[in-house]
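This briefing introduces one protein model to a reader who has not met it before. The sequence and the structure come first, and the notes follow.

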Amino acid sequence: MKFNPKRRTSNIILLISAFVIVSLILWNTNIFFEKFKQEERLKIENWAAAQAEIDNAPVDVELGNLPVQILQNNTTTPMILVNKNGSVKTHNIPPDGIQDSMQLQRTIKKFKNENEPIPMTYKGEELAMLYYGNSEVLNKLKYYPIALLLIIFLFGAVIFFFFKTNKASEQNKLWAGMAKETAHQIGTPLTSLLGWNEILKSEKISPEITKEIEKDIDRLQTITERFSKVGSVPELALHDIVSETEKAYQYLKRRSSKLIHFTFGSDIEKLPVLLNPALYNWSIENLVKNGIDAMKGKGNIAIHIEKNGNLVHILISDTGHGISKSDYQTIFNPGVTTKKRGWGLGLSLVKRIIEEYHKGRIKVLTSSKEGTIMQISLKAVD
């Protein structure tokens with residue numbers, strides 16, 4: 001992958017800009033919170049002054065409406081008034097909010113930690129101490145920065161997954177384009193090979209030779225067809241799952257080492273399934289070749305077909321070194337491989353063919369040091 005300094009610089013600028021914006025929002029939120037808290041304290045100081053004036057006003061002096069309105073307007077801030085003689089009054093606290101003296105002391109301590117107590121004085125004499133907590137609005141405002149950060153985080157996650165999905169889509173298009181171009185490039189020499197084979201037949205060459213050449217030409221045509229279908233929706237038609245699986249099995253058996261012992265079995269004789277034979281056979285071949293690689297070219301490969309309800313299971317087993325249980329899912333991801341020279345595309349391609357194109361399932365059924373069993377499940381058509 002080529003290093004792109006411009007793209008990296010743009011990402012750094014974008015990251016710094018996002019950090020600056022978030023910092024400014026949090027800074028302004030903190031300023032707003034402190035300003036709101038100061039206004040809250042000024043309101044409580046006015047309340048304390050009004051309460052002191054009412055409590056100590058002479059009986060024969062008529063008070064204005066202002067002190068009374070100040071007391072009546074504050075209905076949100078919880079307050080505890082401790083008089084000089086030790087008596088206690090609560091304001092804006094539910095009746096069951098203070099049930100005993102211990103809870104009262106805990107509440108006073110809590111209020112003291114939240115806000116500096118306000119001494120209530122009248123004509124220079126301290127009469128009581130007012131403890132108050134944060135109002136409901138102020139308490140909610142405290143959590144605003146956290147909510148804001150959460151929203152920003154979620155927004156960032158959405159953007160990240162959008163770009164990740166977009167990148168994956170671009171990569172899929174790239175692989176599909178490469179596959180189709182490969183199919184196109186193979187087509188030209190393939191046509192030439194067909195012509196040369198016909199010439200060999202006319203030259204009275206041994207029929208066995210031309211017959212084997214025809215098999216290899218057919219194989220190349222099959223490969224070309226497979227690559228041409230990558231990236232497009234393949235056509236599915238009813239085919240016998242048993243015969244199609246056996247066809248792939250026989251091809252691999254004839255072209256594999258004699259050190260590999262192949263076995264094929266089926267609980268059913270014939271079963272129609274919606275298939276694209278070229279892609280399905282490609283999947284079987286990939287799974288068998290993976291098994292051969294896991295056995296290092298020596299061991300047993302078995303293919304077995306069984307029916308369970310409306311599903312048909314194709315089991316491909318080998319006697320290789322096995323797969324770690326923690327890797328059961330990741331081995332189907334693109335780029336994941338245990339081979340030194342592998343690209344990690346075989347199993348991911350199989351998964352796409354089986355699950356996306358054929359609407360089936362593929363999984364590691366069992367795996368241990370004695371070997372691995374891969375299971376393909378497809379819907380049968382009765």
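The notes below cover helices, a sheet, aromatic rings and salt bridges.

This is a predicted model, in which local features need pLDDT of at least 70, side-chain atom pairs count only at pLDDT 80 or more, and totals for chains, interfaces and linings use all residues. Residues are numbered from 1 along each chain as its sequence is written, and side-chain values use heavy atoms, with hydrogens and water left out. Helices (H or I, at least four residues) and strands (E, at least two) are DSSP runs, numbered from the N terminus.

**Helix H8**

- Helix H8 covers residues 277–294, and its 18 residues should span 26 Å at 1.5 Å a residue; the end C-alpha atoms are 26 Å apart, which agrees. The expected span is 1.5 Å times one less than the number of residues.
- Of the 18 residues in H8, 14 are buried, so the helix is mostly covered. Buried means under 20% relative accessible area, exposed means over 50%, and partly exposed lies in between (1.4 Å probe, protein chains only).
- Lysine 296 follows H8 and has a positive phi, near 60°.

**The open sheet**

- Four strands make up an open sheet in the order E2-E1-E4-E3, with antiparallel pairing. Two strands pair if DSSP finds at least two bridges between them.
- Strand E2 (88–91) and strand E3 (118–122) are at the edges with a single partner strand each, so one side of each has no neighbour in the sheet.
- From one strand to the next, the twist averages 25°. Axes for such angles are lines fitted to C-alpha atoms, for helices over the stretch in contact, and angles run from 0 to 180 degrees between N-to-C directions.
- Four bridges join E2 to strand E1 (residues 79–83) in the antiparallel sense.
- Isoleucine 80 has threonine 90 in E2 as its bridge partner.

**Aromatic rings**

- The whole structure holds three aromatic pairs. Rings of Phe, Tyr and Trp (its six-membered ring) pair if their centres lie within 6.5 Å; planes under 30 degrees apart count as stacked, over 60 as edge-to-face and the rest as tilted.
- One pair is tilted: phenylalanine 32 and phenylalanine 36 are 6.2 Å apart centre to centre, with 45° between the planes.
- These two phenylalanines, 32 and 36, are four residues apart in helix H1 (residues 5–56), and about one helical turn therefore separates them. An α-helix has 3.6 residues a turn, so residues three or four places apart point the same way.
- Phenylalanine 32 is partly exposed at 46% relative accessible area, and phenylalanine 36 is partly exposed at 23%.
- Tyrosine 249 and phenylalanine 262 form an edge-to-face pair, because their ring centres are 5.9 Å apart and their planes are at 70°.
- Tyrosine 249 is in helix H7 (residues 241–254) and phenylalanine 262 is in strand E6 (residues 260–266), so this pair ties together parts 13 residues apart in sequence.
- Tyrosine 249 is buried, with 5% relative accessible area, and phenylalanine 262 is buried too, with 7%.
- Tyr249, Phe262 and Phe264 are linked into a cluster by ring pairs.

**Salt bridges and a charge over a ring**

- The structure has six salt bridges. A salt bridge is a side-chain nitrogen of Lys or Arg within 4 Å of a carboxyl oxygen of Asp or Glu.
- One of them joins glutamate 40 and lysine 43, whose closest N and O atoms are 3.8 Å apart.
- Glutamate 40 and lysine 43 are three residues apart in helix H1, so about one helical turn separates them.
- Glutamate 40 is buried at 5% relative accessibility, whereas lysine 43 is partly exposed at 36%.
- Lysine 351 and glutamate 355 form a salt bridge with the closest N and O atoms 3.0 Å apart; both lie in helix H9 (residues 346–357), four residues apart, about one turn of the helix.
- Glutamate 355 also meets arginine 361 in a salt bridge, at 3.7 Å from N to O.
- Salt bridges link Lys351, Glu355 and Arg361 in a network.
- Within this network, glutamate 355 is buried at 17%, lysine 351 is partly exposed at 25% and arginine 361 is exposed at 55%.
- Lysine 351 also lies over the face of phenylalanine 332, 5.5 Å from the ring centre. A charge sits over a ring if NZ of Lys or CZ of Arg is within 6 Å of the ring centre and within 35 degrees of the ring normal.
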